[in-house]
Amino acid sequence: MVDMMPKTELHPGFSDPRAKATPWEVGREILQTAEIFWLSTVRRDGRPHVTPLIAVMVDGALFFTTGEGEQKYANLQANPHVVLTTGTNVISDGIDVIVEGTATRVSDDELLQRVAAEYVRKYGDDWAFEARDGALHHAEGGAAIAFRVEPVKAFGFSKGDPFGQTRWRFS
């Protein structure tokens, strides 16, 4: 569980002299409320793979799903190290948040029930899953494999005036 307070540092080389480090509470709120994330993985041959997806936060970790036939699933079997990115697509406002960590498959039905409930709370009934047999099942069929990413390191890029780069390190 990563709901602890990380070490927070402002990087002066990439920040306006007036900038202050963004508190983790702000970064966590962005992760909890963001609708779209970009997942970066690495293919078996070393080429990068990036895809948009939805994710939820439970117990301080991010959760996302994939099918066993998808490219990101194949990538995770070879290399579980990932980056999840979210934020805004403008340069003058907002904060982009980047999370580095290891994606671990989740098969515990009790935890999956909590993850499924968070999907409905965050995204609505169209994202209702039933947790059973170590996967999330949608009413329309098919199993979604859930992965948990506990942040090891995260960055917050404040845009606008003043701009700043905050690094959060988790122990």
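At 24% relative accessibility, D59 counts as partly exposed; in this report buried means under 20% relative accessible area, exposed over 50%, and partly exposed in between (1.4 Å probe, protein chains only). You're looking at a predicted model, where local features need pLDDT of at least 70, side-chain atom pairs count only at pLDDT 80 or more, and totals for chains, interfaces and linings use all residues. Residues are numbered from 1 along each chain as its sequence is written, and side-chain values use heavy atoms, with hydrogens and water left out.

**D59 and its partner**

Let's stay with D59 for a moment. This residue sits in the loop between β4 and β5, where helices (H or I, at least four residues) and strands (E, at least two) are DSSP runs numbered from the N terminus. D59 isn't a glycine, yet its phi is positive, near 55°. D59 also forms a salt bridge with R114, with 2.7 Å between the closest N and O atoms. That pair links distant parts of the chain, since R114 belongs to helix α3 (residues 109–123), 55 residues away from D59. For the record, a salt bridge here is a side-chain nitrogen of Lys or Arg within 4 Å of a carboxyl oxygen of Asp or Glu.

D133 has a backbone quirk as well: a positive phi of about 55° in a residue that isn't glycine. Look for D133 in the loop between β8 (129–132) and β9 (135–138).

**Other salt bridges**

A search of the whole structure turns up 15 salt bridges. One of them joins R18 to D161, with the closest N and O atoms 2.2 Å apart. R18 is in the loop between β1 (7–10) and α1 while D161 is in the loop between β10 and β11, so this pair ties together parts that are 143 residues apart in sequence. D161 has something else going on: a cis peptide bond joins D161 to P162, with omega about 5°. P162 lies in the loop between β10 and β11.

D96 and K159 also meet through their side chains, at 3.0 Å from N to O. With D96 in strand β7 and K159 in the loop between β10 and β11, parts 63 residues apart in sequence are tied together. K7, E9, R167 and R169, meanwhile, are joined into one network by salt bridges that share partners.

Here's how some of the residues in this report score for accessibility:

| Residue | Relative accessible area | Class |
|---|---|---|
| R114 | 39% | partly exposed |
| D161 | 64% | exposed |
| D96 | 17% | buried |
| K159 | 15% | buried |
| D133 | 66% | exposed |
| I36 | 45% | partly exposed |
| M4 | 32% | partly exposed |

**Aromatic pairs**

How many aromatic pairs does the structure hold? There are 7, counting rings of Phe, Tyr and Trp (its six-membered ring) whose centres lie within 6.5 Å, with planes under 30 degrees apart called stacked, over 60 edge-to-face and the rest tilted. W24 and F170 make an edge-to-face pair, 5.0 Å from centre to centre with 80° between the planes. It's a link between distant parts of the chain: W24 is in helix α1 (residues 24–33) and F170 in the segment after β11 (164–169), 146 residues apart. Both W24 and F170 are buried, and together with W168 they form one aromatic cluster.

M4 joins in from the segment before β1. Leaving aside neighbours within four places in sequence, M4 is in contact (heavy atoms within 4.5 Å) with W24, F170 and S171. By contrast, the C-alpha atoms of M4 and A34, 30 residues apart along the chain, are separated by 20 Å.

**Helix α2 and a surface patch**

Which residues of helix α2 (residues 71–78) are buried? K72, Y73, N75 and L76 are. Seen down the helix axis, the buried residues of α2 fall within an arc of 160°, so they line one face; the arc is that of the directions from the axis to the C-beta atoms. Their cover includes the strands β2 (37–42), β3 (48–53), β5 (61–66), β6 (81–86), β7 (95–106) and β10 (143–158).

On the surface, I36, W38 and V50 form a nonpolar patch with about 290 Å² of accessible area together. Areas come from the Shrake-Rupley method with a 1.4 Å probe, and for residues only the protein chains shown count as cover. Patches take residues with over 30% relative accessible area and no salt bridge, joining like charges within 9 Å and nonpolar side chains (Val, Leu, Ile, Met, Phe, Trp, Tyr) within 5 Å. I36 itself is found in the loop between α1 and β2.
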